[in-house]
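Student: I would like to learn how to read the features of a protein model, one at a time. Could you take me through them slowly?

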Amino acid sequence: MNADGISKTRRYSYLKKILERAGPFCHPEFEPSPEIFNFISNSCKILVIGAGGLGCELLKNLGMMGFRDIHVIDMDTIDLSNLNRQFLFRRKDIGKPKAEVAASFINKRIPGCNVVAHYCKIQDFDEDFYRQFNLVICGLDSIVARRWINGMLISMLSYDDNGELDQSTLIPIIDGGTEGFKGNARIILPGITACIECTLDLFPPQIVYPLCTIASTPRLPEHCIEYVRILQWPKEKPFEGAIDGDDPTHVNWIYEKAQERASQFGIHGVTYRLVQGVVKHIIPAVASTNAVIAAVCVTEAFKLATSCCSTLNNYMVFNDVDGVYTYSYEAERKDDCLVCSPASRPKYVDVSHDGIKLNEFIELLSTGQYQMKSPGIVTEFEGKNRTLYMSTVPSIEERTRDNLKKTLKELNLINGSKLLITDPTNPVTLEVILRFAEIND
């Protein structure tokens, strides 16, 4: 046996003890075999989404646990502030893509490991790309991105004529999240267990400003900043590419435009620092919390891939603010979830009456149980699809803006009307049925 073979045998000897012999904590259906390790090292394909503080830990742990075929997606570049907790990066890497630097580091450090980097958004890939993976592990700081990948993997599920799920189309999601000294880890089996949409109330409260408020009736300095970021930037295109919250010229342009809009509406409080905070969505991070949550996520990935032990069921919370405290429980699936409830079951959106205005309806979709970001609404009228409002395309937004002040009744929406809703939180169009409480009562 050559030196590499000896090194490999020693490196993973502790894993082989778990996989090649039974123990008191084994899953009842687990059958020890050397082939299990061969599967995770040669056949199991894992996608890691995010190469930040949590993602760096995930990649390192996966490589050290014997997984060899790993892909990582991240759209960000390395900033100086990342270096205190994202340990795969060095000062010389500042400005380089996180995914590429992280993949290169792991490939050099762990012999035989092949991490493939994708410096892009998750939305840049279609379902054919995601179908190739056995597991998806999320190390994200964005709830929108979590919801998007959740929707993508659910949209890939297949059912037979009896409505039974085809298990071969199921790709488990392991999701980790941290905020300061708090964190969580969870397992999502799309179509079986609670999905991201089922448990939106478990996430820290997100500051969401409805697009209709931003566009027509701003009241806060944040409304003015978001108006410039979401509507003016794509329309005027002052610089090439997307907004970079670390580029002073980008931030200063938004700051000046936001001040102009604020003065038009008599709003005070737009500052350069506030603009930076709104644009960058800064979330505090602690290295030790990342390490704990990543360890849990990769352990669950190992259990799912090998069936050596029962997996988490299905949500774990970690808190070390005043000591170390953790507990787990089963997050329950919502029968009326707009995303993961069976396709055969109608999906309803309830409103109080047909006299509410379209901007109030959009605000309903942007808050509470739905928490959409910028919903676009299409309905069928006289046999044709009619766009009621869509903020993501400037030309359509301008053309449909007058509808915001109209009531649902004036827009010919009745109880039972079918709506097609698009939103950045989901890769597919949601078909929902409008239901008025005044009629149901």
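Tutor: We will go through cysteines, charged pairs, a charged patch and some features of the backbone, keeping in mind that this is a predicted model.

Student: Let me begin with the cysteines: how many disulfides does a search of the whole structure find?

Tutor: The general idea is that a disulfide is a covalent bond between the sulfur atoms of two cysteines. In this structure, a search of the whole model finds zero disulfides.

Student: Why does C56 have no bond to C113?

Tutor: The reason is distance, because the sulfur of C113, which is the closest cysteine sulfur to that of C56, is still 14 Å away, too far for a bond. As for its surroundings, C56 has a relative accessible area of 1% and is therefore buried, since buried means under 20%.

Student: Are C224 and C309 buried or partly exposed?

Tutor: C224 is buried, with a relative accessibility of 0%, whereas C309 is partly exposed, with a relative accessible area of 23%. C309 is found in the loop between α12 and β7. To place C309 against another part of the chain, we can take L80, which is 229 residues away in sequence and 40 Å away in space, C-alpha to C-alpha.

Student: Next I would like to understand salt bridges, so how many of them does a search of the whole structure find?

Tutor: In general, side chains of opposite charge can pair when their charged atoms come close. A search of the whole structure finds eleven salt bridges here, and we can look at some of them in turn.

Student: Which parts of the chain does the pair of R147 and E197 link?

Tutor: The side chains of R147 and E197 meet in a salt bridge with an N to O distance of 2.7 Å. This pair links distant parts of the chain, since R147 belongs to helix α7 while E197 sits in the loop between β6 (182-188) and α8 (211-216), 50 residues apart. R147 is buried at 4% relative accessibility, and E197 is also counted as buried, at 11%.

Student: Where do E236 and K257 lie?

Tutor: E236 and K257 form a salt bridge whose closest N and O atoms are 3.8 Å apart. E236 lies in helix α9 (residues 221-236) and K257 in helix α10 (residues 248-264), so their pairing ties together parts that are 21 residues apart in sequence. E236 itself is partly exposed, with a relative accessibility of 40%.

Student: What links K92, D93 and K96?

Tutor: These residues, K92, D93 and K96, are linked in a network of salt bridges. Within it, K96 pairs with D93, and the closest N and O atoms of that pair are 3.8 Å apart. The surroundings of the two partners can be read separately: K96 is partly exposed at 38% relative accessibility, whereas D93 is buried, with a relative accessible area of 5%.

Student: Which residues form the negative surface patch?

Tutor: Here we look for like charges at the surface, and in this structure the negative patch is formed by D160, D161, E164 and D166. One of them, E164, lies in the loop between α7 (143-155) and β5 (173-179).

Student: Turning to the backbone, which residues does a cis peptide bond join?

Tutor: To read a peptide bond we look at its omega angle, and the cis peptide bond here joins N313 and N314, with omega at about -15°. N314 lies in the loop between α12 (287-306) and β7 (315-319).

Student: What is the phi of S307, and what is the phi of N412?

Tutor: S307 is not a glycine, yet its phi is positive, at about 60°; N412, which is not a glycine either, has a positive phi of about 65°. S307 lies in the loop between α12 and β7 and is partly exposed, at 40% relative accessibility. N412 lies in the loop between α14 (394-400) and β12 (418-423), and N412 is partly exposed at 43%.

Student: To finish with a strand, is L388 buried or exposed?

Tutor: L388, which lies in strand β11 (residues 384-389), is buried, with a relative accessibility of 0%. The C-alpha atoms of L388 and L83 are separated by 46 Å, and the two residues are 305 residues apart along the chain.

Key: Residues numbered from 1 in each chain as written. Predicted model: local features only at pLDDT ≥ 70, side-chain atom pairs only at ≥ 80, totals over all residues. Heavy atoms only, no water. Patch = residues over 30% accessible without salt bridge, like charges linked within 9 Å, V, L, I, M, F, W, Y side chains within 5 Å. Areas by Shrake-Rupley, 256 points an atom, 1.4 Å probe, with all protein chains shown as cover. Salt bridge = Lys/Arg side-chain N within 4 Å of Asp/Glu carboxyl O. Lys, Arg positive; Asp, Glu negative; His and termini not counted. Charge placed at Lys NZ, Arg CZ, Asp CG, Glu CD. Helix = DSSP H or I, 4+ residues; strand = E, 2+ residues; numbered from the N terminus. Disulfide = S-S within 2.5 Å. Buried < 20%, exposed > 50% of the residue type's maximum accessible area, 1.4 Å probe, protein only.
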